[in-house]
Amino acid sequence: MSIEKVREYFVQYGLQDRIQEFPVSSATVELAAQALHCAPCRIAKTLSFLVGDRAVLIVAAGDAKIDNPKYKARFAAKAKMLTPDQAVALVGHAVGGVCPFAVNPGVEVYLDASLKRFETVFPACGSSNSAIELTIPELERCSRYAAWVDVCKGWEPAAN
């Protein structure tokens, strides 16, 4: 089970006991926000794409949407989401529980700038009824991200 793989993964960071499991689905941003009693924008959704023959994950705020021109400029490819079967095979997690933790070798993780406005966010933990609250530095460390990217639209950065 994917959540058990993620729980074991978090042992190295001492965070395994912070994983929350819900009696209801948290498979979408809206359902996760309801389960966590938080604003949808604080859900750190993990979007899975195919770039060439490899899987790329982009973790973005719940209110952000992929901006196709920005995505193409960054990855030199059209944004093509993985099918549910591809997500399981290439990433190691099923759609609804895709997260940047305990992923298959070779999967690259990117964090979108839409997350930087929050102190903490809630990514999934490998199942359609789980999440963990992480600070941005914890998310950086635990996701083993390749880089920060700016490939989303539909959210507004915090005013300075």
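UniProt, in an unreviewed entry, lists residues 27-141 as "domain: YbaK/aminoacyl-tRNA synthetase-associated". Such annotations may be inferred rather than shown by experiment, and the positions follow the numbering used here. This is a predicted model, where local features need pLDDT of at least 70 and side-chain atom pairs count only at pLDDT 80 or more. Residues are numbered from 1 along each chain, and side-chain values use heavy atoms, without hydrogens and water.

**Exercise 1.** State how many salt bridges the whole structure holds, and describe the one between E21 and R7.

Solution.
- Start with the rule: a salt bridge is a side-chain nitrogen of Lys or Arg within 4 Å of a carboxyl oxygen of Asp or Glu.
- The search of the whole structure finds seven.
- In one of them, E21 and R7 meet at 2.7 Å, N to O.
- E21 lies in strand β1 (residues 20-21) and R7 in helix α1 (residues 2-11), so the pair ties together parts 14 residues apart in sequence. Helices (H or I, at least four residues) and strands (E, at least two) are DSSP runs.
- R7 and E21 also join E4 in a network of salt bridges.

**Exercise 2.** Find the partner of R42 and say whether R42 is buried or exposed.

Solution.
- R42 pairs with E133; their closest N and O atoms are 3.3 Å apart.
- R42 sits in the loop between α2 (29-36) and β2 (43-51), and E133 in the loop between β7 (130-131) and β8 (134-135), so the pair ties together parts 91 residues apart in sequence.
- Buried means under 20% relative accessible area, exposed over 50%, partly exposed in between (1.4 Å probe, protein chains only).
- At 24%, R42 is partly exposed. E133, at 31%, is partly exposed.
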